[in-house]
Every structure is written in structure tokens, then in C-alpha cells.
Protein chains: 2
Amino acid sequence: MFSVLQTCANDNMASDSVNRPTSSVNRPTSIKDIARKANVSFSTVSRALQNSPLISRRTAEKIQRIARDSGYRASAVARGLVTQKTKTIGVVVTSIADPFVSEVVDGIEECCNDHGYSVFLANSNADPDRERKVVQSFAERRVDGIVVTSSRVGALYIPLLSEMRVPIVLVNNQHPGEFVHSVMIENVQGSREATNHLIQLGHRRIAYVGDRFGHQSDTERFSGYREALDGAALPFFSELVVHGDGKSEKAIAITEALLRLEEPPTAIFCYNDMTALGVLRSLHAQGRRIPTDISVVGFDDLFIASYTDPPLTTVHQPRKRMGLLAMGSLLQLMSGQNLSQAITVPTELVVRKSSGPPQKNRK
Amino acid sequence: MFSVLQTCANDNMASDSVNRPTSSVNRPTSIKDIARKANVSFSTVSRALQNSPLISRRTAEKIQRIARDSGYRASAVARGLVTQKTKTIGVVVTSIADPFVSEVVDGIEECCNDHGYSVFLANSNADPDRERKVVQSFAERRVDGIVVTSSRVGALYIPLLSEMRVPIVLVNNQHPGEFVHSVMIENVQGSREATNHLIQLGHRRIAYVGDRFGHQSDTERFSGYREALDGAALPFFSELVVHGDGKSEKAIAITEALLRLEEPPTAIFCYNDMTALGVLRSLHAQGRRIPTDISVVGFDDLFIASYTDPPLTTVHQPRKRMGLLAMGSLLQLMSGQNLSQAITVPTELVVRKSSGPPQKNRK
DNA sequence: CGAGCTTATGCAAACGTGTGAGAAAATCCC
DNA sequence: GGGATTTTCTCACACGTTTGCATAAGCTCG
């Protein structure tokens, strides 16, 4: 029965009762503005907008209509202050431009969006100073949780993060601590499958071109390679294992050396796709046909893998899914549940054109 | 029973003696806690931590020491509420997994970090519903500014965004409005340079493989191509202009058709690197040598461009720099300054191995 | 030595929202 | 019809910070 038009008529500066300084900046409409228009107290408005059962249907609907008409947006800032929950998480990345990272973040963001959370993105180029700033920033913003997506977290970093009493989930980290939870890729299994694939094709001399020695993921992928050989009762040739640096340039020289062996490998399993890229280029330069003369398998399934010549057989990592899982874990942790330390995500072998049976005429 | 909790919260100091259960939420230390320890009022603490000249050096230092020792982190939430500035910006992307986008975001984030801003990242997969949710979220979070990095923004989107009274900067958008500011790549200039490069190498029949007809960036890149031809007083052959879809599969068929022409081109300029990838593959399949038989030039300078066979000559877009510039503009706008509508960023031709002089023995 | 000034500090009102307690109004029961 | 109960709404405080204004101390100066 209230005439909206009437109340609308004098809504402009009806704050005569309160001598508020008419600031030049026109603030967004608040529940008080709506309360004035609806002729109720602002706490009634608050409850009505939350669909509290304490408010009658009639007034609730009236208030909601007024709110919609006046373009009201509740302030998450004010709400966060009183509820002590910001519905916000922090995501730390080494570099968002890294395709691995950005796909993980894609998953995180999607999950956040579905659950009413917003994500703060912060870049710490593995730089301790930046890391410190990021942590400080997240602490001040009172994020409800944190996801760290970086290939390597500094030693001082985790204690720094855990200083704030907020759940943390790591993605593919190298230093799993006791107090944090993590989502990890199953390096060993993926590597074993890739090697088995080559074994089943008939290969007996399979090279492994690794990352720098000592890196955790390299160590794990090498174990998978060893396990596969052992599982098939194949001999292990130490001269077929070489450590690169995960980049393609280094892999070129390594490939040349492998081909110069008295008995060169018939297949090369690479630590990652970038390494495989170098191997492919080197093989092309030497005039070898792939996979007729020699097979190549990578790891990562980068976007580029389906565009190499020939398209690269490689181990796919479900990066976006890892992001979703990490955020799922974080949601559980933030709701107070406890969960097992680590989630591991299986890989999936993607067979393309760079792997095939070895030539028959080998000795 | 709740009043008990309240009194507990009130005299925090004495709560050491009170047997408070560990399960209770222990809030982060606030300025009131520090004020109590320092035996001053909390407003003195606030000023001391801001290095206000109103506070004597002695007490300021004492307060700062206590704050440091007790691991105090000012609440950006509370500060945002009173100052009406959250020191927060929102970044809307179509997909963070897109390498173009992620590098732009990298630049934005770096600039933000340097200026004490935090970035909210939100993904709107060009989905109107998601877009609406993103805008709503940013509005509720009271972001101070917005950057939109998406190849195409929906028609309804910009008015939606501008509804909130906050500066907006678009990056490489297709629909520049009147009220927004933008950072754009100089498509025409980049395309002209690329074409000129081929002309200077001696090419006279240069094909252009475009994106779908009507897309703004395709139109601009095509104009650059035409301008270069006209500038060199070269004839334009309409049969050498074909529209693809920006993907490599389509480009394969297009290339085959171009080679079947009575007088095939000696060089192919591609709308983007993905197209060039398809062209390269098709040329390989047809046994053409690159660049001896035919030259190929791309646009974008994706990461992949330096790994093709041969490495691709292409037009580089300074993506990170565009992010920095966009954020720089936004900072200016947020500080109340006005600035000219659009910033354009020059491209840079990267000459690799896929372009060379045409064969002498052409008619 | 008090008026006036500077310096250092405290008081209290915001900012926009949530929420327990209590008041007012409506409804029900006997 | 009056008390009990339920429904509906208002009051008042809290969240943690900034900041204008008041105030108390210490100083200078006439």
C-alpha cells in the first residue's frame, strides 16, 4: 500500500534528521538508505535481504524490491568486518604466465566462483622479498585460506604463511610439510606408464633425459622409469640416463651424444615436453625419422605437444582439475573439517605420433 | 551464555587467566590489544603506526616495537570500510589459461604489487551469466578500479560495469565505448611492418590468411597489409586473401588451395601464429622448403613461435607491458586524473628463419 | 604568573553490516 | 477479555580502523 513513488520523491536528501555532511562523493546505497525508503529500521532490511525467517514475507518482498530497484550491492567489506570471514582466498603463484600455473589457477577460480569466494592473485617470482610482501598482504586482507602454486617454495616461506592461522593447500610443491595439505601429480605412475608404453611397442633400449639432478619431480619420474624397466625384467643401462635442465637447448646436445653411442637408444623418454622439443629438433637435424627410426615421449602435455612434428606422445597432467581439487580441499579445511595430508592426481598417457615400434633390423 | 563470551572478549588482557577453550576463535591482534599493552589509547596507536607527526617519537617507537613483537597486521577490511578505498582492483578475463591474457595479468599484478594494490581475479568465460556474477562480486567487494582483458566483451557488459562508479580500463577490446579507457595493440602498424619486411625481401605475391571476416583485429591487420602493398605500389590480388578462423586446422586446407593457384604466392602472411602453424605444417606436407620455396610470417609471437620448424618470423606483442600500461592508466584514473581515451602499443617485428628472399627463378 | 601557543594524547563519531535481546503488535487459548 | 504465545520489528552493540575535535601538559612571553 505504500506508494513507492511517494517515498522515491523525497529520497534524494531526506537525511535532515541526521546532520550528515553531504560529501561530494556519492556513496553506494546502503541498507540505511533502503530502510529509509521502506520505512523500517535498517536491521530489518539486513534480515530481509538474508531471507531471515524473522521477517514477514510481505515486508521482505517489499524491501527486496526496493533494494533491487535502487541498485543496492551489499558491502562485502562491512560484512567481512563483522562476520570475521571475508569469503576470500589468496593464491600465490611463482608466475601466472607459466601455462601450468595459469591452468591450475583457472580451476581454482572456477571453484571459488561457484562457492561465493573471490580470489586474490599474487605473484612471487620466487623472490623472498616479494614472498614476504605477498604474505603480509594476504594477512592484512584477512583471507580465509591460501593456495600456493609454485614449483618450489622457499624454505622460510611455509613457516611465514602458517604464521597466519589460515588453512593452506599446496599444489605440486617440493617441500611437503607436516602442517599443510597438498595436491600432487603422480609422477611415478605417469612415468611408469609412459615407459611401459615404449616397452610394449617393443623398445629395449630406452633413454631417459632428465631435469637437473636432485629435483623432486625428476627423481620421481626417474623412479617410474626404473620401475617399468624392472617390471618388464629389462636391463638398465646407465649410459642411457642423462640429466639436462628441463630446457630444449640442452636437450639438443644431449640427443647428439645419445646418437653417438655405440648402441644408441631406439626411444627417448623425456622429463618434460620442453626437453622433448629439443630432442625432436635434434633428431630432425640428424635426419632421423620419427617414430620410424626413433621414438620420443614427453611429459606435461603442454599445448605445444599436439603441434610438434610429429605430434608428441606425452603424459597429460590434469592441471585445471588439480586446481579444482586444491580449492575443494581448501573449502573443506575452511569449513573446519580435517582431511588426509595429500591428494595425488593420476596422469594420463596421450599417445600421438611420436612413438611407434622400433625398426626390425636392429641387432 | 553469549554475554559471557562478550565479557571475555572485552577484557582480552585478563583472558590469559580465564580458562578460554582453545577451540574458540582467537582473533588477530588489533590496535586495541596494542593500545592496552602500550598503555595508550587506540587512536594513538593508529596514528603511531601511520607515522603521524602528531605522535612523539618516543611513544611512536615504543608502539611500533610492540606491534612488531606481537605480529600485528592491520586489517585492510576495517581500513577499507572507513576510508572507502579498498586498495583493490578487479581483473576480468575471458580465460586466465590463455597465454595472451596471463601475460597481461602478469603485468597488471606486478604494477599493483608495486603500488600497494591487490588484485581480484575473475574469469568470465564470455558467459553472460558469469559476467553478471563477476560484476556483482566486484561491486560488493568495492574494488577501486577494474581492468577487463578479454578479446571480446559482450554488448551488455560494459554498461553493466560502468554502473558502478569506478574507473575501467580495457585491454585489446573490440568495442571501445566512450566512457572507458583502453590499451590497444597497433594492429595496422604491426601488419604493415610485417608485410613491408616481405616486400623488402623481394616478394611480390604475398598471401594474407585472415581470421573470420568482420573481426576488428582481422580487419585492422588486413588494412596494414593493404597499406604496405599500396605504399610499395604493388598490385593487390584478391585471390591471395583468404579468411580462416584463427586456428591451424583450417589454415592447412587454405594453404593447399593457395599452392594450387596458377600463380601461387611466394610468401604467406598469417593473421596469427596459430594460423601460421597450420600453414607451416601444410607446407611441410607438400614438401616445400621454408623459406627457400616460400616464406611464412605470423602475428602474436606466441611462445611456440621460436620452436617451430623453422622458427617463425612474427609480430611481437608486448603483452606484459600492455598489462603494466593498463594498470598505470588505472592508477591515474583512480587518483582522479583524466587521460586521453586510448593508449596504443607498438608491435615489434621479430625476424626468425621462416622468411627469406623468394627464389630467383620465378617468372 | 597567567594568556597564548605548541605538542601530545584521548574521546567519540563514523564506515556498513550482523545479531542477540527486548519491545510492540498480533494472535491464540481458556 | 486478559494473559500467554507467537510474530514482527527496533535497539544497541560489535567488528577494527581513521580522523576531527577536545583536552591536558609543557612551553614562551609579556
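Me: A residue is near a molecule or strand if its C-beta atom, placed from the backbone, lies within 6 Å of it. With that in hand, how many residues surround DNA strand D, and which are the closest?

Reply: This is a predicted model, so the answer is computed from predicted coordinates. DNA strand D is surrounded by 27 residues. The closest come from both chains: A:Ser41, A:Ser56 and A:Val82, with B:Ser30 and B:Ser43.

Me: Which elements supply that surface near DNA strand D?

Reply: At least two residues each come from α3 and α5 of chain A, and from α1, α3 and α5 of chain B. The largest share belongs to α5(B), with five residues. By class, the surface has 12 nonpolar, 12 polar and three charged residues.

Me: And DNA strand C: how many residues surround it, and which are the closest?

Reply: Around DNA strand C there are 28 residues, and A:Ser30, A:Ser43, A:Ala78, B:Ser43 and B:Thr44 are the closest. Two or more residues each are given by α3 (42–49) and α5 (76–83) of chain A, and by α1 (2–10), α3 (42–49) and α5 of chain B. Here α5(A) gives the most, five residues. The classes are 12 nonpolar, 12 polar and four charged.

Me: How do I read the relation between chain A and chain B? By what turn can one be laid on the other?

Reply: Two copies of a chain are related by a rotation about an axis and a shift along it. In this model, a turn of 180 degrees and a shift of 0.0 Å along the axis lay chain B on chain A with an RMSD of 0.1 Å. The two copies are therefore related as by a two-fold rotation axis. In chain B, the C-alpha of B:Phe120 is the nearest to that axis, at 2.3 Å.

Me: How many residues does the contact take from each chain?

Reply: It takes 42 from chain B and 42 from chain A. On the side of chain B that touches chain A, α5 (76–83), α6 (99–114), β2 (118–123), α7 (128–141) and α12 (273–285) of chain B each supply at least two residues. The most come from α6(B), eight residues. This side divides into 17 nonpolar, 13 polar and 12 charged residues.

Me: What joins strand β2 of chain A to β2(B)?

Reply: Three bridges do, and the two strands run antiparallel. A:Phe120 has B:Phe120 as its bridge partner in β2(B). B:Phe120 is also the residue whose C-alpha is nearest the axis in chain B.

Technical notes:
Residues numbered from 1 in each chain as written. Chains lettered and ligands numbered in written order. Predicted model: local features only at pLDDT ≥ 70, side-chain atom pairs only at ≥ 80, totals over all residues. Least-squares fit on C-alpha atoms with pLDDT ≥ 70 in both. Contact = placed C-beta atoms within 7 Å. Helix = DSSP H or I, 4+ residues; strand = E, 2+ residues; numbered from the N terminus. Nonpolar A, V, L, I, M, F, W, Y, C, P; charged D, E, K, R; others polar. Pairing = 2+ DSSP bridges.
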